[in-house]
Every structure is written in C-alpha cells, then in structure tokens.
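Reader: I am in my first year and would like to take a careful look at one part of this model. Could you walk me through it slowly once it is on view?

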Amino acid sequence: MIITKTPVRISFFGGGTDYPDHFREHGGQVLGASIDKYSYLTVNRLVDLFDYSIRVSYSRTELVRERDQIEHPSVRECLRFMKMDRGVEINYMGDLPARSGLGSSSSFTVGLLHALHSFRGERVSSRQLAEEAIYVEQEMICERVGVQDQFICAHGGLLHLKFARTGEVTVAPVPLRAERQAELQNHLMLFYTGLNRQAHEVLGEQLERTKQGAISADLGQLSELVEEGLTVLASERPLATFGELLHAGWMIKRGLSSKITNSLIDDCYQRARSAGAIGGKLLGAGGGGFLLLFVKPQDHEAVERELKLPRVPFSFEHSGSSLLFYQPQKLESVAAL
C-alpha cells in the first residue's frame with residue numbers, strides 16, 4: 001500500500017502568465033505558495049478475485065474491467081501514462097472541495113503520479129512529478145491548464161516561478177525571514193464562496209483572448225506585480241503595500257474575461273473592503289471557489305462578520321508532495337502490472 005499527501009496552493013501574482021500561449025511568446029512568472037490543505041491518494045494492489053480489475057474511489061466509486069472504462073480523466077490517463085492497466089485500487093480524500101481555485105486537480109494528478117511511481121518502487125523528483133502532471137493534463141486529458149499549479153503542489157513552499165519562452169520553468173524558493181512570513185500569513189484570510197466551477201469552462205474566453213494577443217498588456221502588468229510583491233516582502237516596507245498590490249492585481253484580472261467574476265463575488269469583495277480588507281483576489285480561474293483577502297489582524301473579526309462565509313484557517317507548508325506510507329508489494333505482483 002502507498003499513501004501520498006500533496007498540498008493545494010494559493011497564488012498571489014502572475015496568474016494567467018503561466019499558460020503556454022502567453023509565456024511562449026512573452027515569458028511569464030508567478031508568486032504563489034502551497035498551504036496545509038491536502039489531497040491524499042492511496043494506491044494498493046487489487047487481488048485477482050473480483051469481477052473487476054480496477055477500483056477507483058473519489059466522490060463516487062468506479063469498478064471497471066479495463067482502464068479505458070474509467071470515467072475519471074486524471075486516473076485513466078495517469079494509469080495510461082504509467083502503462084498500468086489492471087490489478088490496482090485507488091482511493092482519494094481531500095481536505096477541501098474540488099473545483100474551488102486552489103489547484104486541487106493538479107494536486108490530485110501530482111499525488112496520484114507520486115503514488116503510482118512509488119507503487120512500482122520508483123523514486124521520483126519534485127520536478128519530474130510536476131512535468132509529468134503537466135504532460136498528463138495538457139497533452140493526454142487536453143485540459144486548459146497552466147503550469148503553476150503542478151510545480152507549486154509538487155515542490156511546496158513560497159515560490160517564485162519563471163516561465164521562459166523556451167518552455168523552461170525555473171523554480172526558486174522565496175527567502176523570507178520567519179518573522180516576515182508569519183506577518184504575511186497573519187494578514188491573509190481565506191473564504192469559501194460556495195460556488196464550484198469547471199476551470200476549463202471559465203478559461204475558454206480568456207485563453208482565446210490570450211491567443212489573439214488582446215490581453216498581453218494586462219498579463220504583462222500581472223507579471224510586473226510579481227517583482228513588486230517580491231520587493232515588498234524582502235524589504236522593511238509596511239506589509240499593507242502587499243495588500244494594495246493584490247487589489248491592483250484583482251482589478252486587472254477581473255477584466256481578462258467576462259466569466260472571472262460575477263455580482264455575488266463582486267459584492268463579497270466590496271463588502272470585505274468596506275469592513276477593512278486592503279486587497280485580495282478570487283483564486284484560480286474565476287467564477288467561484290475561494291476568496292483570498294489581505295486584512296490587518298485587528299480587522300479580521302469585522303471582515304468575517306460582514307461576509308458571513310465559511311472561513312478556512314490555513315498555514316503555509318513547505319513539504320510539497322510527500323510519501324506518507326510505503327508498504328512494498330511482492331515483486332511478481334508489481335511486475336505483472
């Protein structure tokens with residue numbers, strides 16, 4: 001039996017510049033962090049005593065005889081990528097709802113690939129996990145996804161990612177004094193809007209405008225905010241400036257597509273600002289999910305009282321995808337896969 005634990009992520013600046021249609025032409029960068037909310041994937045050998053050869057359990061359970069009968073796209077294509085087609089049981093548990101803007105889909109794919117490699121007795125690096133997850137999601141599932149989620153979920157930590165025109169991704173941990181990191185974390189609040197959405201559906205308009213070059217200038221501004229955010233964190237400047245940058249970024253992001261925000265989200269954001277939030281953003285593609293707010297600690301209670309939305313306390317984490325439990329299978333069982 002194998003159990004992996006893979007974090008989800010929050011993104012501060014640069015979202016949208018991590019799509020190949022943009023960074024292959026202009027380059028891009030993102031400032032984001034993994035948080036202590038996780039996807040847990042369990043992989044176990046399925047003995048040949050049932051009338052099915054693969055069992056998959058997530059929000060529903062699938063019992064199939066052939067890999068191609070699996071409806072869950074990530075499970076099906078990860079097994080195909082790993083050339084595994086029978087004799088396996090896969091179980092998923094998540095700390096937070098899926099389709100909520102925290103990169104849970106990529107967290108799932110990274111965690112499953114990690115578990116499948118470990119199941120076969122293979123050690124794999126964080127970079128390999130990220131690159132394989134990107135290949136599975138973009139080339140095999142054909143999802144409209146960028147490349148920030150996979151790298152942050154695989155590596156963990158507060159990260160500065162750079163996307164070169166060549167396609168190369170540079171992963172740099174952000175050096176931050178413990179006191180400054182604690183101060184940043186104490187200013188962040190995470191609220192669940194209760195709205196779930198399919199990211200690839202929300203992204204259609206934005207990616208089409210990206211291909212046309214219609215939002216290149218806006219994405220360039222979002223990229224510049226990464227540098228400004230890093231400068232603020234590394235300096236002695238008031239941290240409230242970071243919140244003001246988040247607000248500026250949200251004002252740009254909400255104009256990238258007509259599907260990023262809606263009246264409910266706009267109302268929540270404005271009420272939060274009126275109650276003391278300095279800035280914030282809707283995480284992920286937009287349309288729903290989680291709202292990240294930058295609020296001085298003394299104003300937390302007022303913002304929470306005003307929004308009346310479920311708040312999710314969180315901390316930064318630095319482990320990335322990790323192997324929680326490993327009980328090796330018999331060699332002949334693994335070889336048969």
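How many residues does helix α3 have, and what distance does it reach from its first C-alpha to its last?

Author: Please keep in mind that this is a predicted model. Helix α3, which covers residues 104–119, has 16 residues, and from its first C-alpha to its last it reaches 22 Å, which is close to the 22 Å expected at 1.5 Å a residue. An α-helix has 3.6 residues a turn, so residues three or four places apart point the same way. In α3, 15 of the 16 residues are buried, that is, under 20% relative accessible area, so the helix is largely enclosed by the rest of the structure. After α3 comes Gly-121, which has a positive phi near 75°.

The residue numbered 104, where α3 begins, also belongs to the surroundings of a cavity, since Ser-104 is among the residues that line the second largest cavity, whose volume is about 40 Å³. The rest of that lining consists of Val-8, Lys-37, Tyr-38, Ser-39, Tyr-92, Gly-94, Asp-95 and Leu-96. Two elements, β2 (28–45) and β5 (88–94), give two or more residues each to this lining, and β2 gives the most, with 3 residues. By character, the lining residues divide into 4 nonpolar, 3 polar and 2 charged. A search of the whole structure finds 2 cavities of 30 Å³ or more, and the largest of them has a volume of about 90 Å³.

Terms used. Residues are numbered from 1 along each chain as its sequence is written. This is a predicted model: local features need pLDDT of at least 70, side-chain atom pairs count only at pLDDT 80 or more; totals for chains, interfaces and linings use all residues. Side-chain values use heavy atoms; hydrogens and water are left out. Helices (H or I, at least four residues) and strands (E, at least two) are DSSP runs, numbered from the N terminus. The expected span of a helix is 1.5 Å times one less than its number of residues. Buried means under 20% relative accessible area, exposed over 50%, partly exposed in between (1.4 Å probe, protein chains only). On a 1 Å grid over the protein atoms alone, a cavity is a set of points where a 1.4 Å probe fits but cannot get out, and a pocket is an open set with protein on both sides within 12 Å along at least five of seven lines; lining residues have an atom within 4 Å of a point. Grid points are joined across faces, edges and corners, and a volume is the space filled by probe spheres set on the points. Ala, Val, Leu, Ile, Met, Phe, Trp, Tyr, Cys and Pro count as nonpolar, Asp, Glu, Lys and Arg as charged, and the others, Gly among them, as polar.
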